[in-house]
Amino acid sequence: MPDLSKITCIEDLRAIAKRRVPKMFYDYADSGAWTESTYRANESDFQKIKLRQRVAVNMEGRSTRSTMIGQEVAMPVAIAPTGLTGMQHADGEILGARAAKAFGIPFTLSTMSICSLEDIAENTGRHPFWFQLYVMKDRDFIERLIERARAANVSALQLTLDLQILGQRHKDIKNGLSTPPKPTIANMINLATKPHWCLGMLGTKRRTFGNIAGHAKGVKDLSSLSSWTAEQFDPALSWADVEWIKKRWGGKLILKGIMDEEDARLAANSGADALIVSNHGGRQLDGAPSSISALPAIVDAVGSNIEVWMDGGIRSGQDVLKARALGARGTLIGRSFLYGLGAYGQAGVTRALQIIHKELDITMAFCGHTNIENVDSGILLPGTF
């Protein structure tokens, strides 16, 4: 393992992950829908927001500690649900959950993860974690999945609302994305250049969708799994389904994928505990606004009635601080986490969290604050947000 102290920013981890992760899985993580304009705007719109630097302010005793739906966190950041995480690095979800636990932030497991709910519980000492749920047509499967989440000590359910149908992701189509990779000539040539990844995969049994294979009716092998997932996402998802899931879950509920003020009001009225301003990382509707640009209006509309969080484009602690200044109680990181994982496994995830935390801490101090709880839009330069 190299000296990770030389890794000083998320971009360093991204460049290393690109070298180490097979092309189809790196592209799956690091791409958007159609022209990728929304994917790019998620990141670039953060850069337009400028900070007010303050001087001669006592910077001692700084704290980034906060809460997200009542849970204490070392910083207002959670690891977002990301599909196929175990294809970025062998047992990737387990490694990410362990890193998050050690750092003191929440980890969210995706329905479309490689490691299962039970894998995470078994390998983290049943430490509480969050679970992201997609609504499938097979409601019996969803009910069983909710019960499995409860048994695994999941402390909050994160319901994704913006994937009733799949966005047009050109790179995935061109790469013939599958898990595990199909033994084509192009794939074999690419895998030959990723020995570290291949060795890791040889050492694990987890190579398919662990929450689905062996649990959903009719899913016995990889070919049936592929056809099942293509058919099961439910385009008829409605707010009635949100109510149905809330009743069956009975615990903390987070709604992910809100980009419109009216949808935010519906989310707040649903009885959910938090909503996430998110355009799915620019992977669904290309041409939608960036998450950070949509955040202020949603906070204004519902911020006193429900916790508002955001994800999309966060590549630094400065981005976390800017989101907090614009009213987000919490943030989630997807790609920044995956870059660390793909680069160096659990140690890479830990390094990504260290980088974001240090940037958040130092930037907060330069803006004249020592406690994240006191940060507001006053740290931002008027006219840039």
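**View 1. The second largest pocket of this predicted model draws on a helix and a strand.** Helix α11 (239-249) and strand β7 (252-258) each supply at least two residues of the lining here. The structure shown is a predicted model. Altogether, 22 residues line the second largest pocket, and those nearest its centre are Leu161, Asp162, Leu163, Gln164 and Gly257. The space inside comes to about 460 Å³. Sorted by class, the lining holds 12 nonpolar, seven polar and three charged residues.

**View 2. Here is the largest cavity, with its eight named neighbours.** Look for Tyr134, Val135, Thr160, Leu163, Gln164, Phe233, Asp234 and Leu237, which line the largest cavity. Leu163 and Gln164 may be familiar from the previous view, where they lie among the residues nearest the centre of the second largest pocket. The largest cavity encloses about 40 Å³ of space, and the count of cavities of 30 Å³ or more comes to one. Five nonpolar, two polar and one charged residues make up its lining.

**View 3. Now for the largest pocket of the model.** This pocket offers about 1300 Å³ of space. Its lining is made of 50 residues, and Tyr28, Leu84, Leu166, Arg169 and Leu177 are the closest to the centre. By class, the lining residues divide into 23 nonpolar, 19 polar and eight charged.

**View 4. Several helices and a strand help to line the largest pocket.** At least two lining residues come from each of α2 (23-29), α7 (170-175), α10 (222-232), β10 (330-333) and α15 (335-366). Which element gives the most to this lining? The answer is α10, with six residues.

**View 5. Strand β10, met above as a contributor to the largest pocket, has two strand partners.** On one side of the story is strand β3 (residues 77-79), which runs parallel to β10 and is joined to it by three bridges. Strand β9 (residues 307-311) also pairs with β10 in the parallel sense, over three bridges. Leu332 is a good residue to find in this view: in β10, Leu332 is the bridge partner of Ala78 and also of Asp311.

**View 6. A closer look at β10 shows its side chains and its link to β9.** Which way do the residues of β10 point? Gly330 and Leu332 point one way, while Thr331 and Ile333 point the other way. Are these four buried or exposed? All of them are buried. Following the chain, β9, helix α14 (residues 317-325) and β10 together make a right-handed β-α-β unit.

Notes
Residues numbered from 1 in each chain as written. Predicted model: local features only at pLDDT ≥ 70, side-chain atom pairs only at ≥ 80, totals over all residues. Heavy atoms only, no water. 1 Å grid on protein atoms, 1.4 Å probe; cavity = no way out; pocket = protein on both sides within 12 Å on 5 of 7 lines; lining within 4 Å. Points joined across faces, edges and corners; volume = space filled by probe spheres on them. Nonpolar A, V, L, I, M, F, W, Y, C, P; charged D, E, K, R; others polar. Buried < 20%, exposed > 50% of the residue type's maximum accessible area, 1.4 Å probe, protein only. Pairing = 2+ DSSP bridges. Right-handed = clockwise from strand over helix to strand, strands pointing away.
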